[in-house]
Amino acid sequence: MVKPRTRVRQLVSAGIGLVAAALVVTTTVTANYGAASGTTGKGTLKLVAAADTVEVASYDGMAYVEPSVWLAAYDAAFEFRASHTAYDKPVKLTKTIIRGKKRTTTTAPASIVDGMKGFKDGLRVTLKNKAGKVILDENRPLCPGGYDRQRVQTDGATGPVYPEFCGGNWFTKGVLYGIERGMAVPTVSDLEFETKGETKLTMTMSVSKPVADFLGLPKASRSAKQNLVIVDGCPEGGCEGEGEMGARSAHGSHGADDGARTVVPRESLEGSEDGRGRLPLGGGAGGTSHGKPKKSSLPDLVSVPAWQISTAVDEEGTDRLNFAANEWNAGPAPMIVEGFRRGTAPVMDAYQMFYRDGEQVGMKRTGTMEFHEAPEHNHWHFLDFAKYELVDAKDKVVSTSGKQSWCLVPTDPVDLTVPGATLRPGQTGLESACGSKSALWLRESLPSGWGDTYDQSQTQAFDLSKVKNGTYRIKVTVNPDGNLYETTRSNNVSHRTVIIGGKAGARTVKVPPYQGIDTETWWGEEE
């Protein structure tokens with residue numbers, strides 16, 4: 001997980017399948033080729049190796065293995081939902097097999113559920129050298145989803161539908177992931193190991209019996225074996241001076257912002273139109289109804305309690321309370337705000353656009369957007385989207401955040417099981433366009449099920465200079481002025497208790513758990 005910076009632009013999830021920039025692999029294709037190989041007509045999952053031999057690049061004694069063993073879905077789509085009713089309640093995970101219009105759902109035993117991340121210890125990875133000595137033997141969560149999809153059937157889905165990750169952060173309520181019919185996902189996306197001078201290894205990946213039984217994997221398709229040939233990733237000093245990340249990035253990135261990925265936004269699960277993969281916002285002329293928008297066309301903006309809270313002294317020597325905050329949309333409709341330039345001034349008039357079933361059905365004037373000309377910004381911000389305050393026990397404000405404007409994008413999945421949830425927001429073609437200084441128009445959006453995380457530090461963090469030691473609450477309010485239309489404002493405010501101590505130049509903070517969860521460890525390190 002990447003720790004928040006001035007502006008968080010990563011999904012806050014330990015389970016996101018983003019491969020390291022270092023991955024380099026050459027494969028020798030074997031009998032596993034064939035667009036429709038392994039079909040059953042009934043619908044099944046299989047572990048499939050793409051090659052007998054894989055060439056793996058090593059950098060300073062560390063090798064990075066690109067995915068070459070896949071979990072493939074034949075003749076059916078496999079959909080997984082993970083959710084809990086409260087943060088301190090266990091996560092329930094279900095599997096749904098989709099064959100045409102038939103859906104068969106079963107619930108996973110609690111013993112194999114790894115929270116929102118997939119299946120606990122579902123995958124075992126073993127590496128042996130030529131002498132048969134084990135140099136790596138580890139169990140990993142198995143995520144039946146991932147960033148890179150492969151088509152394995154000629155009549156299968158022609159493009160991805162489900163999200164590119166499993167997991168979420170502390171405040172994620174529900175996620176949905178899966179494998180489209182006739183497609184495959186990588187079993188791992190971040191396998192790295194110390195070579196210990198070895199040049200040839202044997203790698204075995206196997207799905208644990210409890211997980212394989214639940215998934216219905218045939219016994220002959222529960223493991224895959226490959227030969228690894230280790231080669232120098234920087235031959236003849238080719239990476240000298242670049243450092244590890246420089247060497248790795250020289251081979252291309254497959255990260256979240258990789259523009260080379262093919263997108264097929266209108267694809268459905270079964271290769272025929274069933275609505276799941278429909279473009280969330282359609283084309284055609286926008287509606288201009290000026291009446292009160294109907295609830296079915298409105299978002300529901302929700303405030304999440306503050307997290308990743310710490311104290312610091314800023315560049316000016318001021319004691320600050322840093323924190324991260326997220327506001328999300330519980331649906332059923334996306335929150336769309338568009339800005340239209342007001343002459344030549346660095347100001348835009350902002351309008352909230354209302355959509356129903358993918359079509360624009362109305363709009364309302366909702367405020368303004370201003371160009372934020374500052375380092376790490378230099379783009380347009382929507383004003384008054386949220387308000388951050390430090391309050392005492394009587395809700396009296398003792399300090400306020402300098403954060404006053406936002407460039408909205410979906411950074412975090414909060415609940416992908418809500419009605420109208422968008423599974424792959426990058427495919428809508430309506431992701432946030434923060435805009436250049438010369439822009440005439442821009443559109444910012446929060447799709448249903450997604451939130452936007454900002455990290456408040458430096459002047460955007462709370463000034464503690466006049467705050468006495470004691471117990472306070474961080475109050476986060478979304479849509480504070482009520483300018484945005486939404487289904488309800490009853491969930492727009494959240495509070496997080498903090499205990500301030502220390503002395504000037506060395507203030508401290510203690511953060512009690514929220515509903516049983518400790519957000520002050522990095523996600524994935526809490527166990």
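**Entry 1: a starting question**

Which residue of strand 32 does Ile499 stand opposite? I looked it up, and the partner in strand 32 is Lys510. A reminder to myself before going on: this is a predicted model.

**Entry 2: around strand 31**

I stayed with this part of the chain. Strand 31 covers residues 493-503, and strand 32 covers residues 506-510. These two run antiparallel, and I found 5 bridges joining them. They make a hairpin with 2 residues between the strands. I checked the backbone there and saw that Gly505 takes a positive phi near 85 degrees.

Next I asked how many bridges join strand 30 to strand 31. The count is 8, and this pair is antiparallel too. Strand 30 spans residues 470-478. For one pair by name, I picked Gly470, whose bridge partner in strand 31 is Ile500.

A note from class fits here: strands of a sheet pair through backbone hydrogen bonds, either parallel or antiparallel.

**Entry 3: strand 3 and its partners**

I wanted a parallel example, and strand 3 gave me one. Strand 3 (residues 51-59) runs parallel to strand 16 (residues 223-232), with 6 bridges between them. Ala57 has Val231 as its bridge partner in strand 16.

Strand 3 also pairs with strand 4 (residues 62-65), this time in the antiparallel sense, over 3 bridges. Here Tyr59 is matched with Met62 of strand 4. What sits between strand 3 and strand 4? I found a hairpin turn with 2 residues between the strands, and Asp60 in that turn has a positive phi of about 50 degrees.

**Entry 4: a four-stranded sheet**

I then traced an open sheet of 4 strands, in the order 2-5-13-11, with antiparallel pairing. Which strands are at its edges? They are strand 2 (44-49) and strand 11 (150-151), and each pairs on one side only. Inside the order, strand 5 (residues 69-74) and strand 13 (residues 183-186) are antiparallel and share 3 bridges. I noted one facing pair: Leu71 stands opposite Val185 in strand 13.

**Entry 5: looking for holes**

Time for empty space. Rolling a probe the size of a water molecule over the atoms shows where empty space is left. I searched the whole structure and got 2 cavities of 30 Å³ or more.

The largest cavity has a volume of about 40 Å³. Its lining is made of Thr366, Phe382, Leu383, Asp384, Asn479, Asp481, Asn483 and Leu484. I sorted those lining residues into 3 nonpolar, 3 polar and 2 charged.

The second largest cavity comes to about 30 Å³. Around this one I listed Asn169, Phe171, Val304, Trp307, Asn326 and Val414. How many of these lining residues are charged? There are no charged ones; the lining divides into 4 nonpolar and 2 polar.

**Entry 6: the whole protein**

Last, I zoomed out. I tallied the secondary structure at 2 helices and 32 strands. Of the 527 residues in the protein, 52% are buried. The exposed surface comes to about 23200 Å², and carbon and sulfur atoms supply 49% of it.

I also looked at contacts with a separation of 6 or more: residues 24 or more positions apart account for 71% of them. The strand 3 to strand 16 pairing went into my notes beside that number, with Ala57 and Val231 as the bridge partners.

Conventions: Residues numbered from 1 in each chain as written. Predicted model: local features only at pLDDT ≥ 70, side-chain atom pairs only at ≥ 80, totals over all residues. Heavy atoms only, no water. 1 Å grid on protein atoms, 1.4 Å probe; cavity = no way out; pocket = protein on both sides within 12 Å on 5 of 7 lines; lining within 4 Å. Points joined across faces, edges and corners; volume = space filled by probe spheres on them. Nonpolar A, V, L, I, M, F, W, Y, C, P; charged D, E, K, R; others polar. Pairing = 2+ DSSP bridges. Buried < 20%, exposed > 50% of the residue type's maximum accessible area, 1.4 Å probe, protein only. Contact = heavy atoms within 4.5 Å. Areas by Shrake-Rupley, 256 points an atom, 1.4 Å probe, with all protein chains shown as cover.
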